[in-house]
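Please open the model in your viewer and keep the selection panel at hand. The tour moves from one selection to the next and says what is to be found at each stop.

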Amino acid sequence: MSLLADWTRGRHEAAGFAYDTYRRGSGPGVVVIHESPGLTPEVIEFGDELVQSGFTVVLPHLFGSAHAPPRTWEAARVVPRLCVTREFTMFATGVTAPLAEWLRSLARELHASVGGSGVGAIGMCVTGGFALAMMVDPVVVAPVVAQPATPLPLGERRAADLNLSPEDLATVRARVAAGCPVLGVRYHDDWVTGTRFETLRRELGDGFISVELAGRGHSTLTDHKHPVAVVRVVDFFRERLLTV
């Protein structure tokens, strides 16, 4: 049976893009943006944990497989495709990915449905910076950046880049200064994240809450799940969405 059998399938269209979505739960809304190679069992399991913690979760399906373990070669096929698709910016610096506006629209739709103070958003790996891009819209009040990996850390400039345009970065800084913190989670020795956490600390100051786990793992909430990471993310969503 599909791991998404208890999730309600939908489709969201905005900004020239259309993707399937899966929704489950009750309570404040959280958008969970999956990593490469797709909407894997581990991502769905994390979504289920958030549902059990009292949230309405939406999983957009952006690329790769859904609800099935990926084939061993799938990641090797997905990433090259992302490098040439117009939705993502895998190499460019100082640019917000075009998919960000679709994600903001999805967040607005979710908030209109469930109400509350706003919604949470979490991006992982190649989508890690998308939560920052989403918080340009004030409806996103709990952004989580998990092991951000784009642009690909080839050279110092890309390794430090936040996958945001200067205008969007200025908006993010203003929102943080006004009281909207950003939570970041990574393994300390994960080279794929480059020096982005250093950039976030410099740009956002005390408004950036950094959780750095010991070791060389990568996927903090899925393949290399760490209980501390899960607890901190759930607590952050509770603090921001249930008490604000």
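Begin by selecting Tyr19, which counts as buried at a relative accessibility of 9%, and bear in mind while looking that this is a predicted model. Add Trp102 to the selection, a residue that is likewise buried, with a relative accessible area of 0%. The structure holds four aromatic pairs, and the rings of Tyr19 and Trp102 make up one of them, edge-to-face because their centres are 5.1 Å apart with the planes at 80°. Colouring by secondary structure helps here, since Tyr19 lies in strand β2 and Trp102 in helix α3, so that the pair ties together parts that are 83 residues apart in sequence.

Next, select Phe197 and Phe208, which form another edge-to-face aromatic pair, with 5.2 Å from centre to centre and 90° between the planes. Phe197 belongs to helix α7 and Phe208 to strand β8 (residues 208–213), so this pair ties together parts that are 11 residues apart in sequence. Both Phe197 and Phe208 are buried. To finish with the rings, show Phe55, Phe236 and Phe237 together, as these residues form one aromatic cluster.

Now turn to the charged side chains. How many salt bridges does a search of the whole structure find? The search finds 14, and three of them are worth selecting one after another.

For one of these, select Arg24 and Asp48, whose closest N and O atoms are 2.6 Å apart in a salt bridge. Arg24 lies in strand β2 (residues 17–25) and Asp48 in helix α1 (residues 41–52), so the pair ties together parts that are 24 residues apart in sequence. With a surface display switched on, compare the two partners: Arg24 is partly exposed, with a relative accessible area of 26%, whereas Asp48 is buried, with a relative accessible area of 17%.

Move on to Asp137 and Arg108, a salt bridge in which the closest N and O atoms are 2.6 Å apart. Asp137 sits in the loop between α4 (130–134) and β6 (140–146), while Arg108 sits in helix α3 (residues 99–114), so the pair ties together parts that are 29 residues apart in sequence. Here Asp137 counts as buried at 12% relative accessibility, and Arg108 is partly exposed, with a relative accessible area of 36%.

Then select Arg173 and Glu203, which form a salt bridge with the closest N and O atoms 2.7 Å apart. Arg173 lies in helix α6 (residues 166–177) and Glu203 in helix α7 (residues 196–204), so the pair ties together parts that are 30 residues apart in sequence. Both partners count as partly exposed, Arg173 at 34% relative accessibility and Glu203 at 24%. With this stop complete, widen the selection to Glu101, Arg104, Arg108, Asp137 and Asp168, which are joined into one network by salt bridges that share partners.

The last stop concerns cysteines. How many disulfides does a search of the whole structure find? The result is zero, but two cysteine residues can still be selected and inspected for their surroundings. Cys125 is buried, with a relative accessible area of 10%, and Cys180 is also buried, with a relative accessible area of 4%.

Definitions and conventions: Residues are numbered from 1 along each chain as its sequence is written. This is a predicted model: local features need pLDDT of at least 70, side-chain atom pairs count only at pLDDT 80 or more; totals for chains, interfaces and linings use all residues. Side-chain values use heavy atoms; hydrogens and water are left out. A salt bridge is a side-chain nitrogen of Lys or Arg within 4 Å of a carboxyl oxygen of Asp or Glu. Helices (H or I, at least four residues) and strands (E, at least two) are DSSP runs, numbered from the N terminus. Buried means under 20% relative accessible area, exposed over 50%, partly exposed in between (1.4 Å probe, protein chains only). Rings of Phe, Tyr and Trp (its six-membered ring) pair if their centres lie within 6.5 Å; planes under 30 degrees apart count as stacked, over 60 as edge-to-face and the rest as tilted. A disulfide is a pair of cysteine sulfur atoms within 2.5 Å.
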